[in-house]
Amino acid sequence: MLTIPTVPLADGTAFPELGFGTYKLDGDEGVAAIRSAIDIGYRLLDTAVNYGNEEEVGRAVRESDVPRDELLVTSKVPGRDHGFDETRRSVDGSLERLGLDRIDLHLIHWPNPSVDRYVDTFRALVSLRDEGVLGSVGVSNFTEEMLLRVADATGVMPAVNQVELHPYFPQANLRAFHAEHGIRTESWSPLARRSELLTERVIADVAGTHDVTPTQAVLRWHTQLGSTPIPKSSSAERQRENADVFDFTLDETELRAISSLARGRLWDGDPERHEEM
Ligand SMILES: NC(=O)C1=CN([C@@H]2O[C@H](COP(=O)(O)OP(=O)(O)OC[C@H]3O[C@@H](n4cnc5c(N)ncnc54)[C@H](OP(=O)(O)O)[C@@H]3O)[C@@H](O)[C@H]2O)C=CC1
Ligand SMILES: O=C(O)C(=O)[C@@H](O)[C@H](O)C(=O)CO
């Protein structure tokens, strides 16, 4: 079994440097894929109300031989549940579908600024954290201004901001802001959903130098930037490949070469405009 190292969040939680994305993993096959990821050594699992697979994630956690307190389950409040009372009800629903009595990290999935209820939503997450129902509280797809606004209003800075991040969109400014404010960055779609990223010449060159695959070079780039990537894979072989990235180190030139692929967001995911219900 692989051991994935951890880093402390601002709230003291030992947080894996690499986790497992579960979007599109559902049904019995999804449970089997999530169980295989846990067997391989993944300890951080990422789901959301909107993925429709909290039941599958919960089943995999409950059926696994790994003790519950060694696993970190993340879920997310969807846009339609923004608001204080609505969020508390949303978390109840997630707990029920997961079949768990605690969620280790709960995020606001998207800020939906036109609705402007993310501050009350975060306040509800903080209240549930204080009651012991949630371990850590964070956000996803938040800008610097939005992070400062929730911290000013609630006195709590989100422990994590999960954002689009891959070599085509390295998010240098946001990562620097996170580092300054003690926020852990998490990279969603860290492989740019495969796309043509894995055939880029610069990545092949770096991978060749270290005798690793292009995917491993990309995931090591994330961890060395100080972000936790959450690659999704339905195959045990690729899950193992993706997690096995902690026994080689890219140098500064290689990190910069991969970051030079930057060209911007790949999908319609601008937090100021994207509305996800
Ligand atoms: N907060 C947010 O707004 C968002 C959060 N997310 C989270 O991030 C997670 C990861 O992002 P996702 O969009 O799934 O994209 P990823 O960048 O993780 O890419 C997943 C794709 O890459 C393939 N793949 C995985 N490993 C390999 C490998 N070693 N070699 C070749 N191909 C590989 C997978 O195929 P296969 O399964 O066949 O291996 C799949 O097609 C999601 O599952 C979700 O949990 C995603 C989007 C937005
Ligand atoms: O997968 C997720 O968590 C999402 O939020 C995506 O649906 C995301 O909204 C997206 O693909 C944006 O283009």
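**Close-up views of the predicted model**

**View 1. Ligand 1 and its polar contacts.** In the side chain of Trp 188, an N or O atom is 3.3 Å from an oxygen atom of ligand 1. A polar contact is a pair of N or O atoms within 3.5 Å; within protein, one must be able to donate a hydrogen and the other to accept it, and residues adjacent in sequence count only if both atoms are side-chain atoms. The model is predicted: local features need pLDDT of at least 70 and side-chain atom pairs count only at pLDDT 80 or more, whereas totals for chains, interfaces and linings use all residues. Residues are numbered from 1 along each chain as its sequence is written, chains are lettered from A and ligands numbered from 1 in the order in which they are written, and side-chain values use heavy atoms, with hydrogens and water left out. For Ser 233, an N or O atom of the side chain is 2.6 Å from an oxygen atom of ligand 1. For Ser 189, the separation between a polar side-chain atom and an oxygen atom of ligand 1 is 2.8 Å. On its own, ligand 1 has 900 Å² of accessible area, of which the protein covers 90%. Accessible areas come from the Shrake-Rupley method with a 1.4 Å probe, and for residues only the protein chains shown count as cover. Ligand 1 is surrounded by 27 residues (each with a heavy atom within 4 Å), and the closest are Asp 46, Gln 162, Lys 232, Ser 233 and Arg 238.

**View 2. Ser 189 and Asn 141, two residues with positive phi.** Ser 189 is not a glycine, yet its phi is about 45°. Ser 189 sits in the loop between β9 (184-188) and α7 (201-210); helices (H or I, at least four residues) and strands (E, at least two) are DSSP runs, numbered from the N terminus. Its relative accessibility is 15%, so Ser 189 counts as buried. Buried means under 20% relative accessible area, exposed over 50%, and partly exposed in between (1.4 Å probe, protein chains only). Asn 141, also a residue other than glycine, has phi near 65°. The loop that holds Asn 141 runs between β7 (134-140) and α5 (144-154). Asn 141 is buried, at 4% relative accessibility.

**View 3. Tyr 51 and the surroundings of ligand 2.** UniProt lists Tyr 51 under "active site" in an unreviewed entry; its positions are given in the numbering used here, feature names are shortened, and annotations may be inferred rather than shown by experiment. Tyr 51 lies in the loop between β4 (44-46) and α2 and is buried, with a relative accessible area of 16%. Leaving out residues up to four places away in sequence, Tyr 51 touches Thr 22, Tyr 23, Asp 46, Lys 76 and His 109, where contact means heavy atoms within 4.5 Å. The residues surrounding ligand 2 are Tyr 23, Tyr 51, His 109, Trp 110, Arg 193, Trp 267, Asp 268, His 274 and Glu 276. An N or O atom in the side chain of Tyr 51 is 2.5 Å from an oxygen atom of ligand 2, and the corresponding value for the side chain of Trp 110 is 2.9 Å. A polar side-chain atom of Glu 276 is 2.8 Å from an oxygen atom of ligand 2. Ligand 2 has 330 Å² of accessible area on its own, and the protein covers 81% of it.

**View 4. Ser 64 after helix α2.** Ser 64 belongs to the loop between α2 (54-63) and β5 (72-77). Its relative accessibility of 10% makes Ser 64 buried. A polar side-chain atom of Ser 64 is 2.8 Å from the backbone nitrogen of Val 66. Beyond four places in sequence, Ser 64 is in contact with Arg 35 and Ile 38.

**View 5. Nonpolar cores around Val 91 and elsewhere.** A nonpolar core is a set of buried Ala, Val, Leu, Ile, Met, Phe, Trp, Tyr and Cys residues joined through side-chain atoms within 4.5 Å. In the largest core, of 64 residues, those with the most contacts inside it are Ile 34, Tyr 42, Val 91, Phe 122, Leu 125, Leu 134 and Phe 142. Neighbours within four places in sequence aside, Val 91 is in contact with Ile 103, His 106, Leu 125, Leu 128, Val 133 and Leu 134. A second core is separate and has nine residues, among them Leu 9, Leu 44, Leu 105 and Ala 159.

**View 6. Thr 253 and the annotated domain.** The unreviewed UniProt entry annotates residues 17-261 as "domain: NADP-dependent oxidoreductase". Across residues 17-261, helix makes up 45% of the chain and strand 15%, with 23 Å between the end C-alpha atoms. Thr 253 is part of helix α10 (residues 252-259) and is exposed, at 52% relative accessible area. Between Thr 253 and His 274 the C-alpha to C-alpha distance is 35 Å, and the two are 21 residues apart in sequence.
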